[in-house]
Amino acid sequence: MKVTFPHMGNLYICVKGMLEFLDIEVILPPASSKRTLTLGAKYSPEFACMPLKLNLGNLIEASELGADTIMMAGGCGPCRFGYYAQIEHSILQDLGYKYNLVVLEPPEKHITELTSRVRQITGKKSWWKVIQAIKYGYLKSRAVDEVELMSFKIRPRELVTGETDRALAEALKEIDRAGNMQELKLAEVRGKEIMNDVAVDSRRPVIKVALTGEIFTLLEPFANLNIERHLGRLAVEVDRSIYLSEWINDHLFMGLLKGIRSTKEYCRSAAPYLNHFVGGHGLETVGSIPVYARQGYAGVIQVFPFTCMPEIVAESILPKVSAANDIPVMTLIMDEHTGEAGMVTRLEAFVDLLERRQNRGYTMKNAK
Ligand code: SF4
């Protein structure tokens with residue numbers, strides 16, 4: 001069995017780590033690229049959201065490398081994600097790709113539905129070993145998030161353009177290469193040292209902008225056209241409303257691990273504007289705006305793929321949330337036709353607006 005799964009940013013580091021902990025052979029698709037998107041868009045329904053197209057491209061490219069089993073998460077809606085795995089599998093079958101599909105989704109009637117699916121991947125490995133593998137994958141995701149968080153602070157202050165990107169890639173490689181718990185601890189320390197070695201100007205004025213929106217587009221740099229990197233180069237310190245390890249703790253561990261940021265705060269803050277689940281992360285997007293306003297962020301950027309239903313619902317509410325919390329919000333919608341240069345122009349204009357607003361606020365406060 002040669003297992004593959006689609007990319008979503010650095011998710012591959014923890015899923016690959018988890019599977020290899022169980023001695024399962026993993027075939028990683030190449031990092032998402034123009035070819036991936038072209039392949040996916042060619043064979044997907046035109047109005048499918050972009051993550052489906054990129055997933056499909058990833059799976060075609062993984063099959064070319066010999067993968068024979070797809071492991072994917074599933075869901076029960078209300079957005080299209082609940083059908084992703086089945087649709088992608090059908091398209092691949094029609095195209096002649098031979099894949100077994102294992103969908104890990106909440107059981108309809110009994111927990112054994114889920115455990116039997118897990119068994120298709122793990123074989124006869126003991127549940128104790130499976131739990132250790134999950135813990136190991138989670139710790140990898142935490143290590144990845146730690147160095148990414150450092151990159152958000154360092155990039156807008158770096159003295160040599162591109163140094164943060166180089167250091168981050170090196171730190172992630174260390175974490176990816178770690179083969180057991182002990183090595184992972186050392187890799188995390190080493191990764192942080194690599195990040196701390198980037199020369200910075202700590203007195204450079206920066207502004208803080210948060211990214212919120214649909215999880216795939218937030219986490220996958222190819223889908224968001226490297227928005228974090230572009231903002232960093234505009235002297236913006238970025239935060240993201242979703243990190244992988246937080247998502248795992250909230251959704252898979254039911255918030256059991258304490259002291260980790262949770263999206264529950266977003267759901268509470270969304271209540272005056274939207275008080276029910278709308279699929280995906282639409283509710284969290286709405287609620288993240290008041291939270292970031294309270295934390296003193298200069299602005300928020302909502303990012304989502306064209307035709308994403310939950311985020312369209314959120315977008316329609318955001319003008320009210322933005323006005324009520326006195327924080328500018330910009331929306332960027334991504335699809336296969338979105339150009340990087342156009343996006344950078346919009347980012348520059350937004351950052352310019354935020355800087356003027358901050359300076360004006362400063363002048364007005366001083367005039368009082
Ligand atoms: S959240 Fe949006 S982009 Fe993701 S599957 Fe649902 S509709 Fe598509």
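These are my notebook entries on the ligand shell, a surface patch and two aromatic residues.

**Basis.** I am working on a predicted model, where local features need pLDDT of at least 70, side-chain atom pairs count only at pLDDT 80 or more, and totals for chains, interfaces and linings use all residues. Residues are numbered from 1 along each chain as its sequence is written, and side-chain values use heavy atoms, without hydrogens and water.

**Ligand shell.** I looked up the residues around the ligand (a heavy atom within 4 Å). They are Cys49, Pro51, Cys79, Arg80, Phe81, Tyr84, Glu214, Pro305, Cys308, Met309 and Pro310. Helix 4 (81–94) and helix 14 (309–325) each give two or more of them. Helices are DSSP runs of H or I with at least four residues; strands are E runs of at least two. I sorted the shell by class: nine nonpolar, two charged, no polar. Here Ala, Val, Leu, Ile, Met, Phe, Trp, Tyr, Cys and Pro count as nonpolar, Asp, Glu, Lys and Arg as charged, the others as polar.

**Phe306.** I found this residue in the loop between strand 7 (299–305) and helix 14. Phenylalanine 306 is partly exposed, at 42% relative accessible area. The cut-offs are under 20% for buried and over 50% for exposed, with partly exposed in between (1.4 Å probe, protein chains only).

**Tyr99.** I placed tyrosine 99 in the loop between helix 4 and strand 4 (100–104). Tyrosine 99 counts as buried, because its relative accessibility is 6%. I also checked its C-alpha distance to valine 3: 9.6 Å, with the two residues 96 apart along the chain.
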